[in-house]
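Morning, everyone. I will take a few minutes on the salt bridges in this model, and then you can get back to the bench.

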Amino acid sequence: HVGDAEAQSSMKALPNHRITVNYRGQLDGSFEADDGALFAPAPDNAGMEQSPDAPLGNWLTLNGQVYGGELSVGWTFSEERFDSATIEALARDYADELAALIDHCLTPGVEGLTPSDFPLAGLSQAQLDGLPTAPRLIEDIYPLSPMQQGMLFHTLYAQQSGDYINQMCVAVDGLQVERFREAWQAAMDSHDVLRSGFVWEGDLPHALQVVHKGLQVPFSVLDW
């Protein structure tokens with residue numbers, strides 16, 4: 001309705017689709033009771049959302065959402081157009097296809113990533129496949145901040161300068177070495193930035209940082 005006459009004409013010429021799929025997103029983060037959320041969805045049935053005589057927006061509407069780690073999909077249709085048994089059979093087939101997709105994705109050796117998994121990276125599928133890190137080890141990919149871009153440039157330009165290397169040496173009496181290592185490992189597990197590395201070589205639009213799902217903190221013990 002805001003387009004010019006040519007755009008409106010081309011839109012009107014398109015087929016009138018009869019199925020609406022509306023994914024409302026993952027609602028877990030919006031209603032975490034443990035985080036002090038003021039409201040949370042109630043488990044009780046609230047009844048019908050509109051009059052049975054109200055006209056439907058389409059022949060068949062699917063409304064899906066994720067809450068509590070579970071995907072739910074509501075099917076809205078008119079019994080004057082479809083038999084309930086037909087929609088129930090379609091819903092079962094839909095659930096079977098989802099289960100088959102999940103089984104496939106969980107099969108060892110077939111895991112993979114697509115550009116839609118990392119929208120900030122701006123990568124094509126070929127560029128994503130060409131990254132030096134195995135897909136199963138990647139948690140996130142996103143561009144560098146301006147400060148990081150400058151740090152990477154100066155580090156590559158003068159690799160022996162050590163301008164961005166910070167080191168601190170301290171003497172500690174009675175250090176429990178294993179607990180010290182575990183503390184650093186816990187810090188790495190909790191903070192993505194400590195599991196991030198830069199990639200810039202190859203067919204990439206710009207330098208990127210890759211967050212690894214899990215890394216072991218480098219730790220050496222020299223008994224002198």
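Glu139 is partly exposed, at a relative accessible area of 38%; that term covers the range between buried, under 20% relative accessible area, and exposed, over 50%, using a 1.4 Å probe and protein chains only. Its partner, Arg195, is buried at 3%. The two side chains form a salt bridge, 3.6 Å from N to O. By salt bridge I mean a side-chain nitrogen of Lys or Arg within 4 Å of a carboxyl oxygen of Asp or Glu. This pair joins distant parts of the chain, 56 residues apart: Glu139 sits in strand β4 (residues 138-143), and Arg195 in the loop between α5 (177-190) and β5 (196-199). Helices (H or I, at least four residues) and strands (E, at least two) are DSSP runs, numbered from the N terminus.

A caution on the source: this is a predicted model, where local features need pLDDT of at least 70 and side-chain atom pairs count only at pLDDT 80 or more, while totals for chains, interfaces and linings use all residues. Residues are numbered from 1 along each chain as its sequence is written, and side-chain values use heavy atoms, leaving out hydrogens and water.

What else does Arg195 meet in a salt bridge? Asp192, at 2.6 Å, N to O. Asp192 is partly exposed at 32%. Glu139, Asp192 and Arg195 are thus linked in a salt-bridge network.

The structure holds three salt bridges, and one of them is within helix α5. There Glu178 and Arg181 are three residues apart, about one helical turn, and their side chains meet at 2.7 Å, N to O. Both are partly exposed, Glu178 at 43% and Arg181 at 23%.
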